[in-house]
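Reader: Hello! Could you walk me through a few local details of the structure I am about to look at?

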Amino acid sequence: MTDAVFTVFLVDDDAGVMKALSRLLRARGFEVQAFTSPQVFLAGHDVSIPGCAVFDVSMPDLDGLELQQALTAGGSQRPIIFLTGKGDIPTSVRAMRAGAIDFLTKPVSDADLLAAIARAEKADAETRRTSAELDSINARFAVLTPREREVMTHVIAGRLNKQIAGDLGTTEKTIKVHRGRVMEKLGVRSVADLVRLAEKARISQGKL
């Protein structure tokens, strides 16, 4: 999906607002998917598509904040921009604390909306880069045997080969072999590199 056009997902029950925003965003080169119903959006939302969401705060059945919660609960980290017909500080605070990019009051200016979308585009790209890096790292760890993972957790805890051998009831020579295979499979040359890689994969010292 790296070549996919950045998509703005619009969710607003006001057809007039949807039409105006869609026209503006398409004119600026964005792909737009517009939904007048939060439920229809959730049913058809594809988290793999790079993009952000623009939600109206006040919608029947499922409001913007509830829609944000539903996305988050489903594992989506989609950047969200909220639009509201009235200034509501408590609501905006809740939205921002939940990770919203911005909270804009209608009628929203083109400049403010486009600036918020630019920040959302940057945040989405960073999230996807981080996710892709983590997937790559986890794939490398997945090729380790259970014994190699066990040895690795001792290594990142700072234990010497002799100590690890004693803990695991084997010889120091065997530990050296396992340790070498771990370093080779993970593509690292030093314990420091191994520790940094394990931290990125959220592997704790002494924990498989």
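Author: Gladly! A residue counts as exposed when its relative accessible area is over 50%, and as buried when it is under 20%. Please keep in mind that this is a predicted model.

Reader: Thanks! Is G75 buried or exposed?

Author: G75 lies in the loop between helix 3 and strand 4 (80-84). Its relative accessible area is 58%. The cut-off for the upper class is over 50%, so G75 is exposed.

Reader: Which loop holds D61, and what is its phi?

Author: D61 belongs to the loop between strand 3 (51-56) and helix 3 (64-73). With a relative accessible area of 74%, D61 is exposed. Although D61 is not a glycine, its phi is positive, at about 70°.

Reader: What is the omega of the peptide bond from K106 to P107?

Author: P107 sits in the loop between strand 5 (102-105) and helix 5 (110-142). The bond leading from K106 into P107 is cis, and its omega is near -5°.

Reader: How many aromatic pairs does the structure hold, and how are the rings of F6 and F30 arranged?

Author: There are six aromatic pairs in the structure. For F6 and F30, the centres are 6.0 Å apart and the planes meet at 65°. Planes over 60 degrees apart count as edge-to-face, so the pair of F6 and F30 is edge-to-face.

Reader: And what about the rings of F9 and F41?

Author: Their centres are 6.1 Å apart, with 65° between the planes. F9 is in strand 1 and F41 in helix 2 (residues 38-44), 32 residues apart. Given that angle, the pair of F9 and F41 is therefore edge-to-face.

Note on methods: Residues are numbered from 1 along each chain as its sequence is written. This is a predicted model: local features need pLDDT of at least 70, side-chain atom pairs count only at pLDDT 80 or more; totals for chains, interfaces and linings use all residues. Side-chain values use heavy atoms; hydrogens and water are left out. Helices (H or I, at least four residues) and strands (E, at least two) are DSSP runs, numbered from the N terminus. Buried means under 20% relative accessible area, exposed over 50%, partly exposed in between (1.4 Å probe, protein chains only). Rings of Phe, Tyr and Trp (its six-membered ring) pair if their centres lie within 6.5 Å; planes under 30 degrees apart count as stacked, over 60 as edge-to-face and the rest as tilted.
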